[in-house]
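Welcome, and please open your viewer before reading on. We will go from one selection to the next and look at what is there.

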Amino acid sequence: MSTPVTNSPLVSVVLPVFNGGEYLALAVQSILAQSFTDFELLALDDGSTDHSLAVLQAFAAQDARVRVVSRENRGLVSTLNEAIGLAKGRYIAR
């Protein structure tokens, strides 16, 4: 079920991802199942070589709150800083 997202959600949930495919679907499902719904899930794939990007793209296709960005590996700090810069929410949750 898709929940529309406004241009400015209250919260941006930042999820850096690097080769987390084994547990990624459970993590994303947990975030999307929250009773609070005024959020975007900003998942930044940090050059994963497993199936992480495909998992994220499948969720993005089903739920408008999920935004996926993918690029080459730069490490956690760079990934978090980039995600914060892309966040549309008033608040950021990690």
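Which residues of α2 are buried? Select Ser52, Val55, Leu56 and Phe59, and you have them. Keep in mind throughout the tour that this is a predicted model.

**Stop 1: helix α2**

With those four residues still highlighted, look along the helix axis. They cover an arc of only 95 degrees around it, which puts them on the same side of α2. Now show what surrounds them: the buried residues of α2 pack against β1, α1, β2 and β3.

**Stop 2: helix α3**

Next, select residues 76-86, which make up helix α3. Which side faces in here? Thr79, Leu80 and Ala83 are buried. These residues also span an arc of only 95 degrees around the axis, so they sit on the same side of α3. Their packing partners are β1, β2 and β3, the last of these being residues 66-71. Turn the helix around and colour Val77, Asn81 and Gly85: these exposed residues are carried by the face of α3 turned away from its buried side.

**Stop 3: two nonpolar cores**

Now hide the backbone and look at side chains. Select Leu15, Leu24, Val28, Phe39 and Leu41. The largest nonpolar core has 15 residues, and these five touch the most other members. Each of β1, α1, β2 and α2 (52-62) supplies at least two residues of this core. Another core, of six residues, lies apart from it; Leu42, Leu80, Ala83 and Ala87 are among its members. You have already met Leu80 and Ala83 as buried residues of α3.

**Stop 4: salt bridges between strands**

Time to look at charges. Side chains of opposite charge can pair when their charged atoms come close. How many salt bridges does the structure hold? There are six, and we will visit some of them.

Begin with Arg67 and Glu40, whose side chains meet in a salt bridge with an N to O distance of 2.6 Å. This pair links distant parts of the chain, since Arg67 is in strand β3 and Glu40 is in strand β2, 27 residues apart. Is each partner buried or exposed? Arg67 counts as partly exposed because its relative accessibility is 22%, and the cut-off for buried is under 20%. Glu40, with a relative accessible area of 2%, is buried.

Move on to Arg71 and Asp46, another salt bridge, where the closest N and O atoms are 2.3 Å apart. Arg71 lies in strand β3 and Asp46 in strand β2, so this pair ties together parts that are 25 residues apart in sequence. Both Arg71 and Asp46 are buried.

**Stop 5: around Glu72**

Select Glu72, in the loop between β3 and α3. Glu72 forms a salt bridge with Arg74, and the closest N and O atoms are 2.7 Å apart. Arg74 is partly exposed, at 42% relative accessible area, and Glu72 is partly exposed too, at 47%. Add Asp46, Arg71 and Glu82 to your selection: salt bridges that share partners join these with Glu72 and Arg74 into one network.

What else does Glu72 touch? Leaving aside its neighbours within four places in sequence, Glu72 is in contact with Asp46 and Gly47. For a sense of distance, draw a line from the C-alpha of Glu72 to that of Ala83: the two residues are eleven apart along the chain and separated by 14 Å.

**Stop 6: loops and surface**

Compare that with Thr37 and Ser48. This pair is also eleven residues apart in sequence, and the C-alpha atoms are 28 Å apart in space. Thr37 is in the loop between α1 (21-32) and β2 (39-46), and Thr37 counts as partly exposed, with 41% relative accessibility.

Another loop, between β1 and α1, holds Asn19. Check its backbone angles: phi of Asn19 is near 50 degrees, a positive value in a residue other than glycine. At 32% relative accessibility, Asn19 counts as partly exposed.

Finally, show the surface and select Leu10, Phe36 and Tyr91. They form a nonpolar patch there, with about 280 Å² of accessible area together. Leu10 is in the segment before β1 (11-17) and counts as partly exposed, at 32% relative accessibility.

Terms used: Residues numbered from 1 in each chain as written. Predicted model: local features only at pLDDT ≥ 70, side-chain atom pairs only at ≥ 80, totals over all residues. Heavy atoms only, no water. Buried < 20%, exposed > 50% of the residue type's maximum accessible area, 1.4 Å probe, protein only. Patch = residues over 30% accessible without salt bridge, like charges linked within 9 Å, V, L, I, M, F, W, Y side chains within 5 Å. Areas by Shrake-Rupley, 256 points an atom, 1.4 Å probe, with all protein chains shown as cover. Salt bridge = Lys/Arg side-chain N within 4 Å of Asp/Glu carboxyl O. Arc of directions from axis to C-beta. Contact = heavy atoms within 4.5 Å. Core = buried A, V, L, I, M, F, W, Y, C linked by side-chain atoms within 4.5 Å.
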